[in-house]
Structures are given as structure tokens and as C-alpha cells.
Amino acid sequence: NLALLYSRTPDWLGVTPSGATIPPGGSQNFNVRFDSTDRTGGQLNGNIRLTTNIPGQGLVLVPATLNVIGAPRVSTIPTSFNYGTVNIGYPSLTSFQVVNTGTADLNVSDVIATDPSLSVEDTAGPTVTFPLPPGGSRVFNLRWNPTTAGPLSASVRVLSDDPVTPTATIAIAGNAIVPPVAVHSPTSFTQALDAGDVATRQLHL
């Protein structure tokens, strides 16, 4: 009988069953499992170690190669934002990140806002088109400059080559109000007093 014992060298390889006894003239099938979980794109090389009871051939190495095809994944931090209450004519600023959580370079083609009162400002430079490596991120400023009173219901859209989510969306909300205006009367004071006198006037606000 031929005695076999399999063991894996890299952690992305698996063999089942791990061993067998094969009679003369017999054969046995083994399942070789390749696992690309949490792997970036590229080629991985390893060996399946086959230990036998063959005299003079106790260890056999079976080469194994895994080609991982990476894919980009786009995400944003945060996924939504609320400016709260903002006065008309007084811009409010926040920031957000575009992140590549995938295993291949992410190519971002545009970052746009759906409301004209919102402006996206690229902190890294004037151009929006850029690549992000796996785990990479880029920070943008988002400025809201409301010109009319009322609620804001808009979004920021990140366009990329993510095969699953080519357009990532950040929901943007807020409420613009007319700022208070102070009016006073009279607009100025002029007072004549004899030396030693005191006068009191009224200021209406």
C-alpha cells in the first residue's frame, strides 16, 4: 500500500483529505482549495507537500500558483452629512474622504455635487481625476453657500471604475434661513449740556 500525507505550505492553499492509503493499482482524488480572501491582486506561488512511504522519495513538492485578479472598491467617509441650520450668505465648510477598500487601483473620474450651492474643493490640487491604490484615500472640502432660504436635499457623487458601484453617493442635507438684521433708531445722537448736567436719551433696537 502507498501511504500519502498532504500538507500545505502557504495559507491560501488547502488539501482534503489530508491523507490516504492507496492499495496497489488504486488511485485517490484530492481536492486542492485556493483561497484569495483578503489578498491584493498579483501572483502567489507555493507548494503542496506530499509525504509518502516510497523508499527514497519521502517528500514530493507539487508547485501551485494562484493568480489573484484584484478589483477596486470605492467608499466614502462619511456616507451622509447634515449642515444643520445655516444663515444665507454665510458659507459653511465640511470635508469628506474617498477611500479605496478594494484590492486593485481605483480610478476616480469625477467628484460632483448635485446642487449649485454646493462646491467640491480638491485639497490635493485642481484636478479631480486621480488613481487611488488599495487602502488609499483622498480628502475633499465641501462648501455650502446658500443664497435662498429653505431645506437642502442634495448629494455628492463619486464616479469611478468600481465594477460594483461606479457611482458612490453621499447624501447632503441642511436648512438655510434668513439671518437676523439689527435696526436701531435714532441712527446717531447729538446732545448739548451745560457743565455739570446729565441727560438720558433712549436708543430703540
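**Serine 117 and a four-stranded sheet**

Serine 117 comes out as buried, because its relative accessibility is 17% and the cut-off for buried is under 20%. Keep in mind that this is a predicted model. As for where this residue sits, serine 117 belongs to the loop between strand 10 (106-113) and strand 11.

So who are its companions? The side chain of serine 117 makes a polar contact with the side chain of aspartate 115, at 2.5 Å. Another polar contact, this one of 3.0 Å, links the serine 117 side chain to that of tryptophan 144. Tryptophan 144 also turns up among the residues in contact with serine 117 once neighbours within four places in sequence are set aside. The others on that list are Arg143, Asn145, Pro146 and Leu152.

Strand 11, which follows the loop holding serine 117, is part of an open sheet. Four strands make up this sheet, lined up in the order 7-9-13-11, and their pairing is antiparallel. Strand 7 (74-77) and strand 11 (118-122) are the edge strands; each has a single partner strand, so one side of each has no neighbour in the sheet. Going from one strand to the next, the twist averages 30°.

At the strand 7 end of the sheet, the pairing can be followed down to individual residues. Strand 7 is joined to strand 9 (residues 92-100) by four bridges, and the two run antiparallel. For valine 74, the bridge partner in strand 9 is asparagine 100. As a general point, strands of a sheet pair through backbone hydrogen bonds, in either a parallel or an antiparallel way.

Conventions: Residues numbered from 1 in each chain as written. Predicted model: local features only at pLDDT ≥ 70, side-chain atom pairs only at ≥ 80, totals over all residues. Heavy atoms only, no water. Pairing = 2+ DSSP bridges. Axes fitted to C-alpha atoms, helices over the stretch in contact; angles between N-to-C directions. Buried < 20%, exposed > 50% of the residue type's maximum accessible area, 1.4 Å probe, protein only. Polar contact = N/O pair within 3.5 Å; in protein donor to acceptor, adjacent residues only side chain to side chain. Contact = heavy atoms within 4.5 Å.
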